[in-house]
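Student: I'd like to learn how to read a structure like this one. Can we go through it together, feature by feature?

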Amino acid sequence: MPSSVKPRTAHAAAHSSKKTALPRKLSRSVLALGLGAALMGLTACAPDEPQDARSPEEIAEDARARLPDDPVLAEKYARSCMTCHGDPMNGAPLSGDVKAWAKRLEWRGKEGLLQSTLNGFGAMPPLGLCPDCSVEDFKKLIAFLANQPQPDAGS
Ligand code: HEC
């Protein structure tokens, strides 16, 4: 084993980059190309896409059991949202399935998801079958379903 390995010097790096320097005009278009590619990369694969290490079976199992902490909200949730969003057979995005919810949040935003719940959406009936839920309740329930931080207002 050699007693010391010669480190790559800053001088060598500077030298080689000088050697490969492109004519100004060309290097600018290369830069533009690089930027374009970076932007395309951003839309193709958002860097902050949520990660979920659980298997689909584990996600479904968790969805069947998870409840909001607030007991009043939990009671409303258990007799409405949970019957569909806790059961993979209903075609509803599962409770706590962050990836499934991130897509919908991106498409419609929080306000759009609230409107979908109030008016009904696809196979979901208006008010998500919770006629006594307030708008604040719905906001909290949607945040809970999507596993997002709970809204501050009114809590
Ligand atoms: C009868 C079954 C059912 C009940 C009860 C239900 N949902 Fe849904 N929900 C669905 C289905 C199915 C979808 C997916 C609809 C689609 O994408 O076509 C859905 C989708 C959603 C969406 C996404 C809408 C969008 O714009 O993408 C939100 C938000 C939502 N539900 C919230 C709730 C809340 C909050 C409750 C309880 C108050 C609730 N749901 C109760 C079946 C239900």
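Student: Let's start with Leu127: how exposed is it, and why?
Tutor: The idea is to count neighbours: 20 or more other C-beta atoms within 10 Å make a residue buried, and 12 or fewer make it exposed. Leu127 has 15 other C-beta atoms within 10 Å, so it is partly exposed. Keep in mind that this is a predicted model.

Student: Where in the chain is Leu127 found?
Tutor: Look at the loop between α6 and α7. Leu129 has its place in that loop between α6 and α7 too. With 14 C-beta neighbours inside 10 Å, Leu129 also counts as partly exposed.

Student: What should I notice about the backbone of these two leucines?
Tutor: Here's the general idea: most residues other than glycine have a negative phi. Now the case here. Leu127 is not a glycine, yet its phi is positive, about 65°. Leu129, not a glycine either, has a positive phi of about 65°.

Student: Which residues have a positive phi right after α6 and α7?
Tutor: After α6 comes Gly120, with a positive phi near 90°. After α7, look at Asn147, where phi is positive at about 60°.

Student: Let me zoom out. How many helices and strands does the protein chain have?
Tutor: Seven helices and zero strands. Reading along the sequence, you get α-α-α-α-α-α-α. Of the chain's 155 residues, 17% count as buried. You can also ask how far apart in sequence the contacting residues are: among contacts between residues at least 6 apart, 51% join residues at least 24 apart.

Student: How do I tell whether a helix such as α6 is straight or kinked?
Tutor: Compare its span with that of a straight helix. A straight helix of 22 residues would span 32 Å at 1.5 Å a residue, but α6 spans only 23 Å between its end C-alpha atoms. Then look for a bend: α6 has a kink of about 95°, centred on Gly109.

Student: Which residues of α6 are buried?
Tutor: Those are Trp101, Leu113 and Thr117. Part of what covers the buried residues of α6 is α7.

Student: And how exposed are Ala100 and Leu105?
Tutor: Take Ala100 first, whose place is in helix α6. It counts as partly exposed because it has 17 C-beta neighbours inside 10 Å. Beyond its neighbours within four places in sequence, Ala100 is in contact with Pro93 and Leu94. Pro50 is 50 residues away from Ala100 along the chain, but their C-alpha atoms are separated by 9.6 Å.
Tutor: Leu105 is in helix α6 as well. With 16 other C-beta atoms within 10 Å, Leu105 is partly exposed. Not counting residues up to four places away in sequence, Leu105 touches Lys110, Leu113 and Ala146. Ala146 is 41 residues from Leu105 along the chain, and their C-alpha atoms are 8.5 Å apart.

Student: How do I read a nonpolar core?
Tutor: In soluble globular proteins, nonpolar side chains tend to be buried together. In this structure, the largest nonpolar core has twelve residues, including Tyr77, Cys81, Met82, Trp101, Leu113 and Ala146. At least two residues of this core come from each of α5, α6 and α7. The most, five residues, come from α7. As for Met82, it touches Tyr77 and Ser95, leaving out residues up to four places away in sequence.

Student: Which residues of α7 are buried, and what do they pack against?
Tutor: The buried ones are Phe138, Lys139, Lys140, Leu141, Ile142, Phe144 and Leu145. They pack against α4, which covers 71-79, and against α5 and α6.

Student: Last feature: how many residues surround the ligand, and which are the closest?
Tutor: A good habit is to list the shell, then sort it by helix and by class. Here 28 residues surround the ligand, and the closest are Cys81, Cys84, Ser116, Gly122 and Gly128. Sorted by helix, α5 (81-85), α6 (98-119) and α7 (135-145) each supply at least two residues of the shell. The largest share, six residues, comes from α6. Sorted by class, the shell has 16 nonpolar, ten polar and two charged residues.

Notes. Residues numbered from 1 in each chain as written. Predicted model: local features only at pLDDT ≥ 70, side-chain atom pairs only at ≥ 80, totals over all residues. Near = placed C-beta within 6 Å. Helix = DSSP H or I, 4+ residues; strand = E, 2+ residues; numbered from the N terminus. Nonpolar A, V, L, I, M, F, W, Y, C, P; charged D, E, K, R; others polar. Expected span 1.5 Å × (residues − 1). Bend = angle between axes of the 7 residues up to and from the residue. Contact = placed C-beta atoms within 7 Å. Core = buried A, V, L, I, M, F, W, Y, C linked by C-beta atoms within 7 Å.
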